[in-house]
Amino acid sequence: MHVHINYKKTLKIEANSSYIIFADENFNVNSFKNTVTKSEFSFISELLKNSDRKKNFLDFQVSSKKKIILVSVKEKISSSEVEKLGAKFFHHIKDNKINKYIFDTKFLLVKNKNIIEHFFHGIKLKSYKFDKYKTKKEKKIILINVIGKGIPSPN
């Protein structure tokens, strides 16, 4: 399984991709109210009332093709904790049928400036497989597009 990460300034959100938003540790949804449709926002708000907020990730299937995933990030988090969070996220998505993800970083309220690089470094580290000498190699590709603030310059 290979993971490709692209950093872009803007991107049109496709209907058949998952939209991932970094949220605070309490999953405060008011910050991205204007990013999703009103029906999606009200749907997520209702589901959050009964969700386990101690988890790192919350998935919301808002339509048959669109999924919104919230990633909980503590305000004061170390670089190694962010890498571990990225590795956990890879385990969260690796068996999904969806292989296109859009990360929106503009709602990230963390003071650590390198958090995005560490998060995706954790994903890349966890996705690595040594299969050079295997005859049957897994050909699944996960495409991650990153948009928002604090990202490196686009490729």
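Helix α2, which spans residues 79-93, is the element that gives the most to the lining of the largest pocket, contributing four residues. The model described here is a predicted one. The space in this pocket amounts to about 260 Å³. Its lining is formed by Glu25, Arg53, Lys54, Lys55, Asn56, Ser72, Lys74, Ile77, Glu81, Lys84, Leu85 and Lys88. By character, eight of the lining residues are charged, two are polar and two are nonpolar.

**Overall architecture**

The protein contains six strands and three helices. Their order along the sequence is β-β-α-β-β-α-β-α-β. Of the contacts with a separation of 6 or more, 78% join residues that are 24 or more positions apart. The protein has 155 residues, and 40% of them are buried. Its accessible surface is about 9600 Å², with carbon and sulfur atoms accounting for 51% of that area.

**Nonpolar cores**

In soluble globular proteins, nonpolar side chains tend to be buried together. The largest nonpolar core of this protein has 27 residues, and those touching the most other members are Val71, Phe89, Phe103, Phe119, Phe120 and Ile144. Two or more residues of this core come from each of the elements β1, β2, β4, α2, β5, α3 and β6. A second core, separate from this one, has 17 residues, including Tyr19, Ala23, Phe27 and Leu48.

The following table sets out the residue ranges of some of the elements that contribute to the largest core.

| Element | Residues |
|---|---|
| Strand β1 | 2-7 |
| Strand β2 | 18-24 |
| Strand β4 | 67-73 |
| Strand β5 | 100-104 |
| Helix α3 | 115-127 |
| Strand β6 | 141-147 |

**Two residues in detail**

Phenylalanine 89 is among the members of the largest core that touch the most others. When neighbours within four places in sequence are left aside, the contacts of phenylalanine 89 are Ile20, Phe57, Ile69, Val71, Phe103, Phe119 and Ile123.

Serine 18 belongs to strand β2. Is serine 18 buried or exposed? Because its relative accessible area is 1%, and buried means under 20%, serine 18 counts as buried. With neighbours within four places in sequence again set aside, serine 18 is in contact with Lys67, Ile69, Ile98, Lys100, Tyr101 and Ile102. Ile69 therefore appears in the contact lists of both serine 18 and phenylalanine 89, under the cut-off that contact means heavy atoms within 4.5 Å.

Methods: Residues numbered from 1 in each chain as written. Predicted model: local features only at pLDDT ≥ 70, side-chain atom pairs only at ≥ 80, totals over all residues. Heavy atoms only, no water. Buried < 20%, exposed > 50% of the residue type's maximum accessible area, 1.4 Å probe, protein only. Areas by Shrake-Rupley, 256 points an atom, 1.4 Å probe, with all protein chains shown as cover. 1 Å grid on protein atoms, 1.4 Å probe; cavity = no way out; pocket = protein on both sides within 12 Å on 5 of 7 lines; lining within 4 Å. Points joined across faces, edges and corners; volume = space filled by probe spheres on them. Nonpolar A, V, L, I, M, F, W, Y, C, P; charged D, E, K, R; others polar. Core = buried A, V, L, I, M, F, W, Y, C linked by side-chain atoms within 4.5 Å.
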